[in-house]
Structure formats: structure tokens, C-alpha cells
Amino acid sequence: MSDLLYPIKWLSKASAGDRVAYELRMRIISGKIESGTVLSENKLAADFSVSRSPVRDALKVLASERIIRLERMGAVVVGLSKRDIQEIYDVRLLIETFVFERLVRMERQELVRELSKVLEMMKIAIKYKDADEFSYQDVLFHETIIRSIDHGYVSMMWQNLKPVMESFILLSMRQRIDEDIEDFDRILANHALYIEAIETGDRKRMIASLHQNFDDVQEVEDLWKSQQLMTKGVEPHD
């Protein structure tokens with residue numbers, strides 16, 4: 001398949017099943033594969049030049065994420081509703097709120113240094129108008145915060161949420177960098193505020209910075225509208 005939406009460079013260590021899952025997820029969330037579409041294992045295997053076994057693995061993963069439904073006639077695309085998107089952000093807010101509560105009682109200087117490096121990489125990505133690299137660093141920024149408390153079950157929740165969140169971020173940033181690149185100044189400022197709040201250790205400030213960021217990005221109606229626009233025509237990405 002040549003017209004991939006998921007960044008090829010991110011797939012170097014992925015299994016065949018994972019490669020299929022990453023791309024199908026992007027196509028479903030973008031709306032390029034519409035809700036109600038029946039996915040054929042044989043056709044997918046041919047499209048991705050793999051056997052049916054990796055395809056079955058991929059479909060099981062997507063079914064666990066509730067974006068497809070496995071039936072006897074095949075896999076039926078369910079997609080994501082506005083409520084689904086809202087709930088995904090609800091869970092992410094719960095995770096990061098919990099993490100911030102733990103960070104108040106921890107040594108944070110090393111985390112601040114790591115986050116500052118990631119923020120610099122985000123700035124470089126914007127300088128070169130590289131939406132994929134910005135998205136990668138954005139996800140890494142939040143994952144670094146979450147992993148810093150070394151909580152096994154919280155990390156597991158994040159890993160379950162990450163693939164769908166990553167797809168949202170990729171699609172959103174690609175659209176934004178083409179249509180509203182000036183908006184990235186505000187996004188970078190919000191991430192700088194995260195770092196500042198973590199460094200000070202002020203619990204109220206940390207929670208306030210978290211909510212300011214989420215109030216900014218959790219525009220479910222905008223995400224939904226973007227998804228509908230993408231349904232009308234999604235450009236492939238190298």
C-alpha cells in the first residue's frame with residue numbers, strides 16, 4: 001500500500017500485524033474508511049501484502065479499541081462518535097490529573113530537564129513545518145510525564161489509550177499546520193506552562209495548568225467537525 005496515512009518511519013520495529021493496525025486505525029479515525037464498511041481479511045491481506053494472520057491480529061486490536069466490530073460476515077467499521085471522543089479525553093484527563101497529584105510529592109528536576117528537551121524538539125519541528133515530528137514529540141511529552149511516577153497500571157491505561165490519541169493528534173496537527181500554523185505558538189506556550197507548573201511543585205498551579213491545556217485541546221465539536229471534513233477527502237501521507 002503506497003498511500004499510507006501513518007508515518008512509515010514510525011513502523012521500523014512494528015510487527016506485520018501492528019503495521020496493519022496502525023494504518024487501519026488512521027483510516028477509520030480520519031473517516032477515509034467509513035462507519036458501516038465491512039472489512040475483508042482477504043482484501044486487507046492483499047492490500048498490505050501480508051498473510052491473513054497479521055490481518056486477524058490487527059482486527060482483534062481494533063475491536064478491543066471499539067472502532068470495529070467482529071461479526072461472522074467480517075469486521076464491521078464502527079468508527080468514533082462525538083461521545084467516544086469525549087470519553088477518550090475524559091480518561092486522559094483522569095490519568096494526567098492523577099499523575100500530577102503524585103508528582104507533587106516527588107523529586108521533579110530530572111523530569112523538568114527531560115520535558116524541556118522535548119519542548120525544544122517540538123519548536124524545531126514547527127520551524128521546519130513537520131507535523132508528524134511535532135505529533136511524535138507531543139505524545140512523548142505527555143508520556144514522559146505519565147511514566148515519571150512509575151505506576152504500572154496507570155502506564156497500562158495510557159498504553160491502551162495511546163494509539164487512538166496518537167491518531168487524533170497526527171490528523172489534527174497535519175490539518176492545523178496547513179491551515180493555522182500561528183496557533184502552534186499557543187500550543188507551545190501551554191506546554192511551557194506544564195513544565196513551569198511541574199518545576200514549582202505548586203499543586204494548585206499544576207492542576208490549573210493541566211485544565212488550561214485540556215480546556216484548550218478538548219474541543220470535541222472541533223474534533224468531530226474535522227473528522228467529518230476528512231471523510232470528504234483525506235490526502236495520503238508519505
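In this predicted model, strand β3, spanning residues 74–77, pairs with β1 in the antiparallel sense, and two bridges join them. One residue pair can be picked out here: V38 has V76 of β3 as its bridge partner. Stepping back from this pair of strands, the sheet is an open one of three strands, arranged in the order β1-β3-β2 with antiparallel pairing. The edge positions belong to β1 (38–39) and β2 (68–71); each has a single partner strand, so one side of each is left without a neighbour in the sheet.

A look at the surface brings helix α5 into view. M121 has its place in this helix, and together with I124 and Y128 it makes a nonpolar surface patch of about 330 Å². M121 itself counts as partly exposed, because its relative accessible area is 36%, which falls between the 20% limit for buried and the 50% limit for exposed.

Helix α5 is also a good place to begin with confidence. Covering residues 109–127, helix α5 has the highest confidence in the protein chain, at 97, whereas the lowest is found in helix α10 (residues 220–231), with a mean of 45. Across the protein chain the average pLDDT is 87, and 89% of the residues score at least 70. Residues 218–236 are another matter: pLDDT stays under 50 there, and the model has 32 contacts beyond four places in sequence for this stretch. Some caution is welcome with such contacts, because predicted coordinates should not be read in detail where pLDDT is low.

Terms used: Residues are numbered from 1 along each chain as its sequence is written. This is a predicted model: local features need pLDDT of at least 70, side-chain atom pairs count only at pLDDT 80 or more; totals for chains, interfaces and linings use all residues. Side-chain values use heavy atoms; hydrogens and water are left out. Two strands pair if DSSP finds at least two bridges between them. Helices (H or I, at least four residues) and strands (E, at least two) are DSSP runs, numbered from the N terminus. pLDDT is the predictor's confidence in each residue, from 0 to 100. Contact means heavy atoms within 4.5 Å. Patches are made of residues with over 30% relative accessible area and no salt bridge: like charges are joined within 9 Å, nonpolar side chains (Val, Leu, Ile, Met, Phe, Trp, Tyr) within 5 Å. Accessible areas come from the Shrake-Rupley method with a 1.4 Å probe; for residues, only the protein chains shown count as cover. A salt bridge is a side-chain nitrogen of Lys or Arg within 4 Å of a carboxyl oxygen of Asp or Glu. Buried means under 20% relative accessible area, exposed over 50%, partly exposed in between (1.4 Å probe, protein chains only).
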